[in-house]
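Here is a friendly briefing to read alongside the model. Please keep the viewer open as you go.

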Amino acid sequence: MTRTEIIIGGFGGQGSVLAGVILGRAAAYDGKKVAQSRSYGAEARGGAARSEVVIADEEIDYPLVITADYLVAMSQPAFERYVSKVKASGLVVIEEDLVRPERKLPENLKLVKVPATKIASREFGRPMVANMVMLGALAALTGVVTIDSLIKSIRASVSKGMEEINVAALKKGQEYTSAMVGGVHETS
Amino acid sequence: MDQKHVHPLLVKYARIGAYKQPHCPGCGNGIVAQCMLRAIDELKLDMDKIVFASGIGCSSWIPSPLFNADVLHTTHGRSLAFATGVKLSNPELRVVVFTGDGDSAAIGGNHLIQAARKNIEILTVLVNNRIYGMTGGQVAPTTPHGVKTKTTPYGNLEYPFDLCKLVEAAGASYVARWTTFHTRQLVSSMKKGLLKKGFSFIEVISQCPVQYGTFVGIRDPAEMLHIFRKISVPFEKAKNMSREELEGKIVIGEFVDIERTGLAEAYQRLLEMMNL
Amino acid sequence: MSSGANKIIEPGTHFLMGNEACALGAVVAGCKFFAFYPITPANEIAEYMSVLLPKVKGIYIQMEDEISSIASVIGASWAGRKAMTATSGPGFTLMQENIGYAVATETPCVIVDVQRCGPSTGTPPLPMQGDVYQAKYGSHSEYPIIALAPSSVKEMFTLTIESFNLAEKYRTPVILLSDALVGHLMETFEIPDLSQIEIVERKKPDKETSDAKYFLDEDVAPMPVFGCGYKAHVTGSTHDEKGLRNVEDPVYVDKVVRALHRKIEKHKENIVKVETKFLDDAEIALLTYGSVARTAIHVVNQARKTGIKVGIIRLITLWPFPDVQVQSAARKTGRIVVMENNLGQVVNKVSEVAAKYADVKFLPPRIIGSLHEPEYVINFLKEVY
C-alpha cells in the first residue's frame, strides 16, 4: 500500500490549512488519490492550526493521518504536539527561527531546518508566504509531489494577484533545500 | 348550494364546495375577503396567476379554502417566508399574503420586517383584530394598553405596535391602513397593492365581536363598525394632532406609495445578465 | 427546467471540499432554489451555491433565519423548482416545524444537515452524529422521513443527487445527514459524464379536473404546482385527497397519518441502500455510517490482512431504517459492533431489530467529536472477541 501522510502545523494565520490544500491539489494533479482535512483529530485541540494530507495510489479509506511520514512545523506548539505522530524514519521540516527542537528525537528521524519566515521577509517583504517556502522545501526534499503540479495548484488556490509571489516563494524553498547536503545547509 | 343565494363574487371566485366560511358571525374577515375579490374583479386579474398564502389564525382562513386559486396555507407566522420562495421562483405569479396581528406582529414579526426590507413583490393584508381570536381571546402585541383579555385579567401592561410605522421604517413600497368600515378605500388600496412592483402592506383594523368584543363590552359588530368610523382620523389630519389627541384613535390612509425595484425583478435582471 | 449543469461542471477528477461537492451535486440534480442562514460548518455549501445558481438560472437567497429558509424552500418547491437548504444542528432544530409541514403537504425538498458537536451551541467546527434521531423525530407528532448519510466527498456529490431524486419521486423532504468532517474534508473524486447520471423529475397532473386527487396516494399523487391552473389547496392541517382541510372528521387524521407512512414504507425496498463488504464469512460485522465508516472500512481492510474475519455493513440510508439488511448481517455474523460518533443512537434501532439474531455491542469514539482511531477499534475487537 502506498500511502503517504503529511501534517502541516503552525499558529493560526500562518497558512497551514492553505498549504495543505495546495499540497493536496498538487497531488491530485499528479494523478494521486488525496484526502485533506483540518484539525479534527482528538489531539489537535488547542490553539494550533493543522492540516493533514493523505496521498495514495488507491482509494483512501481512513482520511486522517495515522502515522505521519512528514511533518512541517511552523510553530513550537505544532512541533511539540505532532512530532510524536511522525514515524521513526520520517522527516520533520521545521521553521528554523520559530521552532527549537529541544526534546530528544528518534535516531532515524530526519530533521531539516528552514528559515522560511526570514526568507519570505527578505526576498518578498511578506512573511505570510513562509508557508510556500516550507512547501517548496518539503517537495524538494521528498518528491511527494512534483514542483510543476505545486505551481499549478498555487495558481488555482491563492487569491488573484498573489499567484506569482507564492510561486516565487515556493521556488525559494525548493532552492534552499536543493543546496543542502545531508539535511544541513552549508554556510559559504 | 343553490347559486341564486350566493353572492356573484363567490360564484365567480369561490372554490367549489367552499362557500361555507369558518368565521364567527359578525367577523370582519368576510368584509376583507369580499374587498379582495372585488379588487381582483375590478382589475380583471386571472385567478390562475395569483397565489394566496396565509399562516395560522382567523384571517389566514380568508383565502383558505375559499378562493378558487392556488392557496398555500402554511405554519404560524411564516407565510411571508413561504411566499418569498413562491414569488422568487415564479415572478409571473402575483402573490398575496393574508395574515393577522398574532401571525405577523408576534411570531412572524421578523419575517414581516425582513420581507418589507427586501421589498419582495408581495401584497400583505394584515387583518388586525387586536386579539388572539382563534385560540380563545389571549392578549396580542396589538391589544391596546389596559384592555383585559383571557391572559391579561388585570389589564394589559404592554403597549401595542404601530404596524404601519414599523413596516414603513423597514422599507416597504406601499403602506396603508383602513378599517372594515372603509371598504371602498380598502378595495382601492388592494388594487394598488396588487399592481405594485414592491412590498405592499395593508393593515385592516377589523372587528372581533366574539372575543375582543366580549372583553371591551361591545358584542354588536355593526356598533363596532360605527365606532371605527368615529375614531378614525385621516393621515393628513393626524399630522397636525398631538400624541394626546391621537390617544384611542385609528390613523387611516396611505402612508407610503413609492416606486423601488422589487427583489424578484432585481433577481430576474441578474439572471438575464448572467445568462446572456 | 434543464439543470444547465453541463455549462458549468466538467466531468473528470475534482479535488473539492465535501460541502462544495454537495453544491455541485445539487446543481447536477437540477436544484434551482437554495435558501440559507449562515451557520458553521455548512457555510461553504451556501457560498458555492450563491456563485453557481445564477449561472444556471437558479435562485439563491439568504433568509433571516433557518425557519424562513426552509419555509421559502417549500414555497419554491410549490412554485415548481427543485429546492434545497443547508444548515447545522441549531438551525436544523429551528427547521423542524416546517419539515413536518413539508412531510404533511408532500413537498419535495432537500435539507442538508452538516452535523456539529452539541448540545446547544456546542463546538461548531467539530463533527458529531448527534442528529440521527432529530432527523426522524424532530418535528411533532408522527411522520416518515428519508435520511441519507454520506461518508465521503464523493458521496456528498452522489447522495445530494440521490436526495433530490428521492424527494421528487416520493414527494417528501429528504435529509442529507452529513457532518463537519465530511463537510470540510477535501478529497479527489470523479464526476462522470453528466448524461450518465439519473435525474428524477416530479410527476405533475395530466390536466386540471375538479375531482383530481393531489394528496394522500401511497403510490405518490402528482403534484399540482402553482401557476398551472390546478387551483391547488395546500395546507398543513388535516386534509383530504384534494388538499381541502378536514379537521371535523377524525377519520381523516387516521387517513393522513397512515397514507404518509405507507407512501414511504411501501417503497422502502427501492429507497433503502446499504453497502456491505466481507460479510459472507465474517464472524463480526462493524455497523456504521457517515464519516465513522471511514475508520471501519480501514479497520476491516487491515484486519482481513491479519486473518481476523470482520466484515462491514455501512448504512447509506438511515431512515427509513434498513431493518431487513441489518437483520441479514446479524444472522450472518452473530456479532455486531455499532460504531457511531455519539453515545448511542442508531445502536438502539439495531438492537431493536437484530438483538435476537446477534450480540450487539456499541463502540463510541474515544473522545466524542473525534473520529474513531483505527488502533482503538482494533484493540476493542481484540479485547471483546
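How many bridges join β11(C) to β14(C), and do they run parallel or antiparallel? The two strands run parallel and are joined by 3 bridges. Strands pair when DSSP finds at least two bridges between them, and elements are DSSP runs numbered from the N terminus, with helices being H or I of at least four residues and strands E of at least two.

This is a predicted model, in which local features need pLDDT of at least 70 and side-chain atom pairs count only at pLDDT 80 or more, while totals for chains, interfaces and linings use all residues. Residues are numbered from 1 along each chain as its sequence is written, and chains are lettered from A and ligands numbered from 1 in the order in which they are written.

**Chain C overall**

- Chain C holds 14 helices and 15 strands.
- Its radius of gyration, taken over C-alpha atoms, is 21 Å, which agrees with the value near 21 Å for a compact globule of 385 residues; the globule rule is 2.2 Å times the number of residues to the power 0.38.
- Along the principal axes, the C-alpha atoms of chain C fill a box of roughly 65 × 50 × 40 Å.
- Of the 385 residues of chain C, 59% count as buried (20 or more other C-beta atoms within 10 Å of the residue's own, against 12 or fewer for exposed and partly exposed in between, with C-beta atoms placed from the backbone).
- Among contacts in chain C between residues at least 6 apart in sequence, 75% join residues at least 24 apart; a contact needs C-beta atoms, placed from the backbone, within 7 Å.

**The five-strand sheet and its helices**

- The strands of an open sheet in chain C follow the order β10-β12-β11-β14-β15, with mixed pairing.
- β10 and β15 (359–363) of chain C stand at the edges with a single partner strand each, so one side of each has no neighbour in the sheet.
- From one strand to the next, the twist averages 20°.
- α14(C) packs on this sheet, touching β11, β12, β14 and β15 of chain C, and its direction makes about 145° with that of β15(C) (axes are lines fitted to C-alpha atoms, for helices over the stretch in contact, and angles run from 0 to 180 degrees between N-to-C directions).
- Within the β11(C) and β14(C) pairing, L287(C) has V338(C) of β14(C) as its bridge partner.
- Helix α11 (residues 292–305) of chain C has end C-alpha atoms 21 Å apart, in agreement with the 20 Å expected for 14 residues at 1.5 Å a residue; the expected span is 1.5 Å times one less than the number of residues.
- α11(C) is largely enclosed by the rest of the structure, because 10 of its 14 residues are buried.
- The buried residues of α11(C) include V292(C), I297(C), V300(C) and A303(C), and their cover includes β10 (274–277), β12 (310–315) and α14 (374–384) of chain C.
- Just after α11(C), G307(C) takes a positive phi of about 90°.

**Strand β7(C) and its partners**

- All 7 of the 7 residues of β7(C) are buried.
- P173(C), I175(C), L177(C) and D179(C) point one way from β7(C), while V174(C), L176(C) and S178(C) point the other way.
- Strand β5 (residues 109–115) of chain C pairs with β7(C) in the parallel sense over 7 bridges, and C109(C) has P173(C) as its bridge partner.
- β6(C) also pairs with β7(C) in the parallel sense, over 3 bridges, with L148(C) opposite L176(C).

**Domains of chain C**

- An automatic or database domain assignment gives chain C domain 1 (5–196) and domain 2 (275–384).
- The C-alpha centres of these two domains lie 26 Å apart.
- In the contact between them, 23 residues of domain 1 of chain C meet 21 residues of domain 2 of chain C.
- On the domain 1 side, α6(C) gives the most, with 4 residues.

**Chain contacts and I67(C)**

- Chains B and C share the most contacts of the 2 pairs of chains in contact.
- No contact joins chain A and chain B, and their closest C-alpha atoms lie 21 Å apart.
- I67(C) is found in helix α4 (residues 66–78) of chain C and is buried, with 24 other C-beta atoms within 10 Å.
- Not counting residues up to four places away in sequence, I67(C) touches R78(B), A81(B), L94(C), M95(C) and N98(C).
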